[in-house]
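Please open the model in your viewer and keep the selection tool at hand, since this tour moves from one selection to the next.

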Amino acid sequence: MFHMDFFGDRMLIAVIAIVHVIINHALAVGFLPIVTLMEYRGYKLKKLGDAESEKWDELGYKLMFFAFVITTSIGALTGVGIWFSTALVSPASIGSLIRVFFSAWFFEWVIFMLEVIFIMIYFLTWKKSRVDIKSKRNHVRVGAVLSGFSWLTMAIIVGILGFMMDTGSWTQNKTLLDGFFNPIYLVQLAFRTPMAFVMGGAVALFLTLYHLKKHTEFRTKVLRNLNLWMFLWTPHVFAAGIYYYYKIPELMLGNITVAIGTQAFQNWYDSFLYSLLALIIVSMLVNIWTVLKPKWTSKYLMLFTLFIVLFTMGTFERVREFIRKPYVLEEYMYSNQLRVEDYSKYKQDGILVHAVYAKYSVVTDLNKIEAGKDVFMIACSRCHTVAGVNSVVNKFENLFSPNGEPLDKTKMQQYIPVMEKARYFMPPFPGNNAEADALVDFIISEQYSRNYINGAQSTGVDISKQQSEVLKN
Amino acid sequence: MYLFAQVQPVPRDIPLPLPMPEWILILLLIISFLLHILFINLMIGGTALEIIAQVLGLKDKKYDALAREIASTITVNKSLAVVLGVAPLLIINTLYTIYFYSANALTGWAFISVIPLVATAFLILYYHKYNWDNFENKKKLHIAILSTAFLIFMFVPLIFLSNINLMLFPDKWGEVSGFISSVFLWNVIPRYFHFLAGTMAVTGLFIVWYFGRKKYPFEERLHGFTREEIKRKGYQITFWVTVSQIVWGPLLFFTLPWRGVTWELAYIIIAGIIFALAALHFIYKEIKSVNPGRYLLLIIILITITVSCMGFGRQTYRENVIAPHKVMIKEKTQQYYPM
């Protein structure tokens, strides 16, 4: 298995995905309509022979330059990066998702391809479109189509993201449409759409302040327009956010019967509400301030607003990731990549005997620690590390040795088989008792040494003799 | 006996059916991969030619203008290369789930480094292109900046090739530890040079087409050159690098493990070679012609057939070499997850 013991495997996906989502929402879905509207304004003024037309057009071009460079480099590559990182960290879940959503992804790819083609046409022909009014009109139309495609790619991906949280009727019927139109689909899309528009507005405001000289009438006009845009969309974010806030627990808490689990869920969930309220308050205040005192609006103020907006989006994604635990695909696969329906087999036979990449198939007194390491890799390493972020040793120390005293083996042995009852977000331990003992021994052996353990990418793999064949030439 | 035998792991497949018939997926894989690799060729080959033109431009300004024109094509080609890469990536994930994911994990650091490396290379390309005039008096630095992007482009195919090679040989999964050890497996290096030669051949033809178009304002943008001169240069690149495949082609073929080589594969490759030789014949005629361009469409068709043969050959070898292992996986999966 691929494993990064320093940062943790989840971090790899999280960093790449969050960068991608921010670029997608703030520089494509929410930003392209603003650029198109700016160009449209320039076009309308040009028809009237107003000299301000060129200023709108030039500002739109400058904003588009930024969007073009970032979306076609970091944006495009982080999109591919999500595929790469999930293939490394969560191969079973992404492999399953692809088989269910192949057609949706293929369709999304076609739309994405059109989006990239249109983004290139839109940016690279911008200067040429200035030759006459007809070219400009056609160019504005390209911008409008591009904005539509950009939203459409998001609308498709949201179906798959929703599926990961609530598989709906898919577990019975296993069809694409059952999976795609899951109960969380529209709730999430309703939130992401206005959120992207607000994010786009915040980025456009910041870049406008960067590009336009202070104390000009045009700058004031642009700021007022952009603020109006944000002002119009912010209440939608609030309404959709509140709807999401109340709707999700109704859909997802059904499986959580333990009070403590509900409490943990609520704590996480409240962090989303707080960041949402912070966004609304800051955004509204900044909007009002900028309209009343446009000359006093600084880049730093906008940078702060932008930070709050991105923070809210980051929190939303983080909460979304957290609340689907203990599953990676709700009720089908746990976050350790093991299928729910295979658990009985693992519990009965042990997990090692079914593992393809494990040094030992059975735990003995002689191999306990090494076998425990393999159990850790199979059952825990998708979320935990040994010595890095979210260390499993730290977790047990927090529980059983807050002052650094040696870990209590008996308590750990008693805890592991029932941990999902105390921590609702943890998948149940998949192995047998001997493997739980081996895991305990391995964790205890690392308490004071904290060695970073290597994944397959550094040290290769041990192939189980039971799960291999000799090559016949 | 067991100690010296090559052991191959037999993992279980994902217990969900393929989303569409296997042959459709294979066909889509070949077509989408060839389209992707076409633009990858133009991206890498274009960058190589841009550097050469910029270096020549240090002494003769007209080459600097040529380099700038080539740069504008890379902006488009590189974006298409990435977006067209998503489809074969999606399909290879679907069709060869176990094989691809195993190779990914074993070359994990190098595999994931493709993302920051290529993103950095793209940003460098933009910086280089949109600051052309600002480097008017610092041309060597300007070339050095472009060269960093080029070096990245030269390295990334090696990662993909080692990965795609490793996935074919489950018996090597237990022996490999990281990217470096996978690079030196059998035919990765010959395959790399075979790919680079193909890259330059395709780019040479692209140059002939791009600068030879009637709509292209040649005289306005490229003072000091004639269309015929540029076309001839493009053809010469294609001709000589294709001739060099006499070395890389057989080297690649004979370093392939023989258990995947069949007569069917040999016929496909021989057919490809015949079309390549025919293309070479017409390219030679074009080079010698006073007004080259007459045979361009025919040459593109012949080269497309050659490339398609190589694409099908590649897929045939892949299927041949993993066929016995695929059977084992299928049996294991059915036994494990009885339907």
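In this predicted model, begin with the largest nonpolar core, which has 224 residues, and select Met64(A) and Phe211(B), the residues with the most contacts inside it. Next, colour helix H2 of chain B (residues 61–95), since the largest share of this core, 18 residues, comes from that helix. The core also reaches across the domain assignment of chain A, drawing at least three residues from each of domain 1 (9–334) and domain 2 (341–468). If you display the C-alpha centres of these two domains of chain A, you will find them 39 Å apart.

Return to Met64(A) and show its surroundings: leaving aside residues up to four places away in sequence, Met64(A) touches Leu32(A), Val35(A), Ile119(A), Tyr122(A), Phe123(A), Trp126(A) and Leu146(A). Apart from the largest core lies another one, of 37 residues, and to locate this second core you can select Leu407(A), Met412(A), Phe429(A) and Ile453(A), which are among its members.

Now turn to charged side chains. Side chains of opposite charge can pair when their charged atoms come close. Over all chains, the count comes to 23 salt bridges. Select Glu39(A) and Lys136(A), which form a salt bridge whose closest N and O atoms are 2.7 Å apart. This pair links distant parts of the chain, with Glu39(A) in helix H2 (residues 32–47) of chain A and Lys136(A) in helix H5 (residues 133–165) of chain A, 97 residues apart. Both Glu39(A) and Lys136(A) are buried. Extend the selection to Asp57(A), Glu58(A) and Arg130(A), and you will have the network of salt bridges in which these residues are linked with Glu39(A) and Lys136(A).

In chain B, select Glu175(B) and Lys172(B), a salt bridge with its closest N and O atoms 3.4 Å apart. Glu175(B) counts as partly exposed because its relative accessibility is 49%, whereas Lys172(B), at 9%, counts as buried. Then move to Lys326(B) and Glu319(B), whose side chains meet in a salt bridge at 3.1 Å, N to O; here Lys326(B), at 22% relative accessibility, counts as partly exposed.

Finish on the surface of chain A by selecting Phe6(A), Phe7(A), Met11(A), Val15(A), Val19(A), Val389(A) and Tyr452(A), which form a nonpolar patch with about 620 Å² of accessible area together. Within this selection, Val19(A) can be found in helix H1 (residues 9–29) of chain A. Is Val19(A) buried, partly exposed or exposed? At 33% relative accessibility, Val19(A) counts as partly exposed.

How values were computed
Residues are numbered from 1 along each chain as its sequence is written. Chains are lettered from A and ligands numbered from 1 in the order in which they are written. This is a predicted model: local features need pLDDT of at least 70, side-chain atom pairs count only at pLDDT 80 or more; totals for chains, interfaces and linings use all residues. Side-chain values use heavy atoms; hydrogens and water are left out. A salt bridge is a side-chain nitrogen of Lys or Arg within 4 Å of a carboxyl oxygen of Asp or Glu. Helices (H or I, at least four residues) and strands (E, at least two) are DSSP runs, numbered from the N terminus. Buried means under 20% relative accessible area, exposed over 50%, partly exposed in between (1.4 Å probe, protein chains only). Patches are made of residues with over 30% relative accessible area and no salt bridge: like charges are joined within 9 Å, nonpolar side chains (Val, Leu, Ile, Met, Phe, Trp, Tyr) within 5 Å. Accessible areas come from the Shrake-Rupley method with a 1.4 Å probe; for residues, only the protein chains shown count as cover. Domain bounds come from an automatic or database domain assignment. A nonpolar core is a set of buried Ala, Val, Leu, Ile, Met, Phe, Trp, Tyr and Cys residues joined through side-chain atoms within 4.5 Å. Contact means heavy atoms within 4.5 Å.
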